[in-house]
Amino acid sequence: MKVVSKIVIFIFLLFPQLFFSQQNHSAFEKEIIAKSKKIMGESNFNKAQYFFLQKEWDSTLVYSMKQLSIGNQNKEIENFCHFFRGFSFKEKKIFKESKKEFTSISKDFEFFNHSKMLLGQIVLEEKKFKEAINYFQEIEKLHEDELLGIKKSSVKHNLGLCYLHLKEFKKAEHYLLQSIKLEEKQNDSSILVGSYGDIATLYYDQYKDNLAIPYFEKAYHLSKKVKNYQLKQNAALNMAVVEKNRNHFAKALIYREEYDQWKDSLNNQNKIWEVAELEKQFAIKQKQKEVGLLQAENRIKIAERNGFFYSSIVLLLLLGTAVYFYREKIKTNKIILTQKEALDELNDTKDTLFSIVSHDLRSSVNAMKTSNTKLRENLATKNLDELDSLLHQNSAIANGTYNLLDNLLHWVLLQTKQSFFEVTSMRLYFIVELMAYNYLPLISEKNLVFENSVSKKDIVFADQESLKIILRNFLDNAIKFSKENGILKIYTQNTNEDYCELIIEDNGIGMSENTRTSLLKETTLMSKKENAEIIGTGLGMQLCKSMIQKNNGKLDIESELGKGTKIIVSLAKKYHNGQY
Amino acid sequence: MDNINVLIIEDKPSESDALIKGLQANNYTIAGLATNHKDALSLFYNNKVDIVIIDIFLNGLPDGLAFAESINADPNASKPFVFLTSSTDRKIFERAKLTKPFSYLMKPFNELELLYALELAFEKFYAQDDVFLSEEENTVISKEYLFVKKGKLLKKVDISDIIYIEVEEKYCNIITEKEKFVILISLTKILELFDSTVFCRTHRNFIANTKKITEIIPSDNLIILQGNHRVILSDKYKDIINKTYILK
């Protein structure tokens with residue numbers, strides 16, 4: 001029984017040698033790589049081939065199955081897939097499936113012989129020796145060129161093994177010796193140890209001890225060069241058995257000890273492995289602890305960092321709001337400042353206005369007083385002619401004062417925005433007529449030629465009362481600055497689409513360019529008096545400008561000293577929304 | 001042509017005196033002078049009034065406004081009116097504006113402004129804007145009267161006094177029992193605003209008062225009206241015969 005078991009051990013040692021162990025880049029592999037390059041498109045095939053070369057059998061099975069399930073493809077890929085699958089199944093010891101795959105490979109497949117070889121090995125493992133012999137013999141007949149990396153020695157060895165199992169010793173001897181010859185050429189110790197073992201067993205089974213022992217010894221000596229403990233152990237054990245049978249107990253004991261030693265060293269190795277494993281585990285635990293510690297540290301750090309982060313955000317926000325409010329405060333301060341400036345300016349205007357108006361009023365009333373005294377004196381002396389002229393003078397003074405007060409009232413109303421303001425359409429001609437009516441006595445007194453040649457068709461949009469005030473002031477001025485027998489004309493010009501230009505023209509004293517520009521300048525300040533005798537407060541002009549602006553109109557002045565003045569008031573022809 | 005009757009509601013004698021003087025100088029008849037709300041109402045309902053001048057403030061209260069609001073509430077009695085005010089107070093104006101049609105006269109005013117305000121009130125009240133100031137027309141038509149501007153003066157003509165109207169291009173010859181005058185108005189406006197059951201067109205150029213017809217002579221295409229006025233009856237307008245028959 002021991003012998004049989006030994007033989008079995010050797011047989012198994014032989015099998016995995018076929019494609020990979022020593023033929024890393026066999027023709028087969030090269031062929032596969034070349035093939036996969038050609039068939040780039042088939043990702044499943046590529047993957048299957050990749051995993052096949054990597055000896056990952058399960059993955060190989062999966063992808064080759066996928067490739068096959070696509071169907072309808074070239075025969076070669078199919079054959080490769082079957083081959084991969086057969087090989088993988090064989091490696092996984094699922095022989096039935098493996099056989100199925102190998103048998104479905106077609107004969108024209110490049111590696112058809114390999115598949116045959118593998119089939120032979122499968123049946124050999126299944127102990128169907130005769131069938132195996134059929135396969136191996138077929139391969140043996142092939143020419144060297146067709147083998148593509150299949151080792152003739154392996155074939156012969158396998159054949160020998162088959163015959164050995166079938167107890168056909170002669171044939172077995174023949175093949176094993178042949179394979180040894182070939183293997184010796186290849187000079188692969190570990191294979192040779194097995195082969196020597198096998199042939200020795202062959203002889204030993206036939207009780208040809210003389211022939212067997214040298215091979216056992218050869219195997220034993222060779223095994224010393226090999227690193228495989230299992231081989232060493234087996235060779236030693238074989239020697240021990242042999243010596244025991246020869247009754248060389250002492251030698252047998254030595255071999256047995258050696259066997260034990262190898263076994264121990266194998267065990268030792270295992271123990272070392274175990275210790276190493278334990279150490280490794282310990283180290284891993286240690287590492288894990290460290291990692292845990294570090295993680296905890298990290299967590300603390302992160303917590304710290306987050307805390308810092310949030311607090312900095314809060315601080316930033318606080319800073320932002322503080323800056324915002326500070327800016328708002330500055331803004332409001334600025335607004336307040338500008339308002340204050342505007343108020344100051346207005347206050348100044350008001351003060352100047354007060355002083356001018358009160359001064360004017362005082363002088364007017366004073367003139368009236370002295371005139372009244374004169375009037376009484378003349379009444380006493382019944383100087384009727386003088387009375388008449390004085391009365392005229394008085395009424396003129398009263399008129400002027402009234403106009404001043406009226407302007408003052410409207411100015412105040414405009415400033416406080418209390419007045420009624422309604423823009424309506426109106427015929428400019430009649431408004432001019434209405435206003436000129438008041439001045440007819442003055443006009444005739446100065447002997448002026450007055451002409452209202454505004455067309456009755458001219459319609460403007462404005463507030464009636466403010467337009468009246470504007471006209472009254474400009475008429476008043478025009479008459480005031482006209483010389484005796486002068487000409488006063490009011491007319492319109494319709495050159496603009498949106499505006500009707502009302503022109504009040506006189507040929508009076510006119511004004512300098514400086515006065516003109518200062519009058520047109522946009523300012524709330526009152527213009528200073530230049531000629532106290534004639535020029536009034538400037539309030540009228542200011543009022544007119546404001547009112548024209550409020551009516552969405554424009555003011556322009558053309559004037560020449562000594563030749564006269566043209567006041568041009570542009571008024572809207574169409575109704576403007578907004579602003580009113 | 002008759003004078004226009006003006007009712008004045010004004011509490012200050014100095015103001016009312018100036019008003020009366022100005023109005024009379026321009027041939028207006030003063031229908032009455034009220035100094036308070038109550039008097040104003042009784043004078044308004046007991047007199048023939050064509051237009052009212054109302055001072056907004058009576059004895060310091062805005063009773064003038066209240067009066068305007070009350071006469072405005074009765075569409076049969078309401079008449080054109082002009083607010084007289086010395087204030088430019090916006091609040092008062094906003095309230096006054098609600099009493100449509102709204103026209104006002106700001107104190108102090110001159111005679112022209114007074115007349116202008118009255119004319120504007122007529123135009124606005126009878127919704128015939130821009131009549132007196134335009135060069136194309138000079139007559140505002142109400143249900144009872146024609147208000148005609150002759151030169152600077154505004155006069156009224158009782159429509160029921162009109163016997164017939166003869167159209168001559170832009171002009172219309174108005175023939176009443178007593179007089180005959182020309183007004184500026186378009187024919188379409190007359191046809192639109194006159195009572196069509198009373199005034200009928202008899203010819204392209206004639207509109208006759210059917211109440212003044214004395215005789216129709218279809219064979220001569222002639223209608224004889226009161227005062228022996230004759231108008232032509234053209235074939236196109238001969239269905240007037242049927243109408244007048246029913247009327248008689």
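In the predicted model, chain A contains 19 helices and seven strands. Of its 580 residues, 43% count as buried. The accessible surface of chain A comes to about 33100 Å². Carbon and sulfur atoms hold 56% of that area. Contacts in chain A were also sorted by sequence separation. Among those between residues at least 6 apart, 66% join residues at least 24 apart.

UniProt, in an unreviewed entry, places the feature "repeat: TPR" at residues 113-146 and 153-186 of chain A. Over residues 153-186 of chain A, the model is 91% helix and 0% strand. The end C-alpha atoms of this stretch are 9 Å apart.

Chain B has seven helices and 16 strands. Its C-alpha atoms fill a box of roughly 70 × 35 × 30 Å along the principal axes. Of the 248 residues of chain B, 53% count as buried. The exposed area of chain B is about 11800 Å², and carbon and sulfur atoms supply 51% of it. Among contacts in chain B with a separation of 6 or more, 52% involve residues 24 or more positions apart.

An unreviewed UniProt entry assigns "domain: Response regulatory" to residues 5-122 of chain B. In the model, residues 5-122 of chain B are 46% helix and 21% strand. The C-alpha atoms at the two ends of this stretch lie 13 Å apart.

One helix pair in chain B was examined in detail. Helix α1 of chain B spans residues 13-25, and helix α5 of chain B spans residues 111-125. The two pack at an angle of about 75 degrees, with their axes 10 Å apart. An angle of 65 to 115 degrees counts as roughly perpendicular, so α1(B) and α5(B) fall in that class. The contact involves B:L19, B:G22 and B:L23 on the α1(B) side. From α5(B), the residues that meet them are B:E111, B:L114 and B:L118.

Two open sheets of chain B follow. One has three strands in the order β6-β7-β8, with antiparallel pairing. Its edge strands are β6 (139-141) and β8 (153-158) of chain B, each of which pairs on one side only. Neighbouring strands of this sheet are turned by 20 degrees against each other on average, direction ignored. Strand β7 of chain B covers residues 145-150 and is joined to β6(B) by three bridges. B:T139 has B:V148 in β7(B) as its bridge partner.

The other sheet has three strands in the order β14-β15-β16 of chain B, again with antiparallel pairing. Here β14 (213-217) and β16 (229-232) of chain B are the edge strands, each pairing on one side only. Neighbouring strands are turned by 20 degrees against each other on average, direction ignored.

The pairing of β14(B) with β15 (residues 222-225) of chain B is antiparallel and runs over four bridges. B:E215 stands opposite B:I224 in β15(B). B:I217 has B:L222 as its bridge partner in β15(B). The two strands form a hairpin with four residues between them. In that turn, B:N221 has a positive phi of about 55 degrees.

β15(B) also pairs with β16(B), in the antiparallel sense and over four bridges. B:L225 is bridged to B:H229 in β16(B). This hairpin leaves three residues between β15(B) and β16(B). B:G227 in the turn has a positive phi of about 75 degrees.

Side chains in a regular strand alternate between the two faces of the sheet. Both faces of β15(B) are covered. B:L222 and B:I224 are buried on one side, and B:I223 and B:L225 are buried on the other. B:L222 and B:L225 are thus named twice in this sheet, with B:L222 bridged to B:I217 and B:L225 bridged to B:H229.

Helix α7 of chain B (residues 240-247) includes B:K243. The relative accessibility of B:K243 is 41%, so this residue counts as partly exposed. Leaving aside neighbours within four places in sequence, B:K243 is in contact with B:S196 and B:C200. B:T197 is 46 residues from B:K243 along the chain, yet their C-alpha atoms are separated by 8.6 Å.

Technical notes: Residues are numbered from 1 along each chain as its sequence is written. Chains are lettered from A and ligands numbered from 1 in the order in which they are written. This is a predicted model: local features need pLDDT of at least 70, side-chain atom pairs count only at pLDDT 80 or more; totals for chains, interfaces and linings use all residues. Side-chain values use heavy atoms; hydrogens and water are left out. UniProt positions are given in the numbering used here, feature names are shortened, and annotations may be inferred rather than shown by experiment. Two strands pair if DSSP finds at least two bridges between them. Axes are lines fitted to C-alpha atoms, for helices over the stretch in contact, and angles run from 0 to 180 degrees between N-to-C directions. Buried means under 20% relative accessible area, exposed over 50%, partly exposed in between (1.4 Å probe, protein chains only). Contact means heavy atoms within 4.5 Å. Accessible areas come from the Shrake-Rupley method with a 1.4 Å probe; for residues, only the protein chains shown count as cover. Angles under 35 degrees count as roughly parallel, over 145 as roughly antiparallel, 65 to 115 as roughly perpendicular and the rest as oblique.
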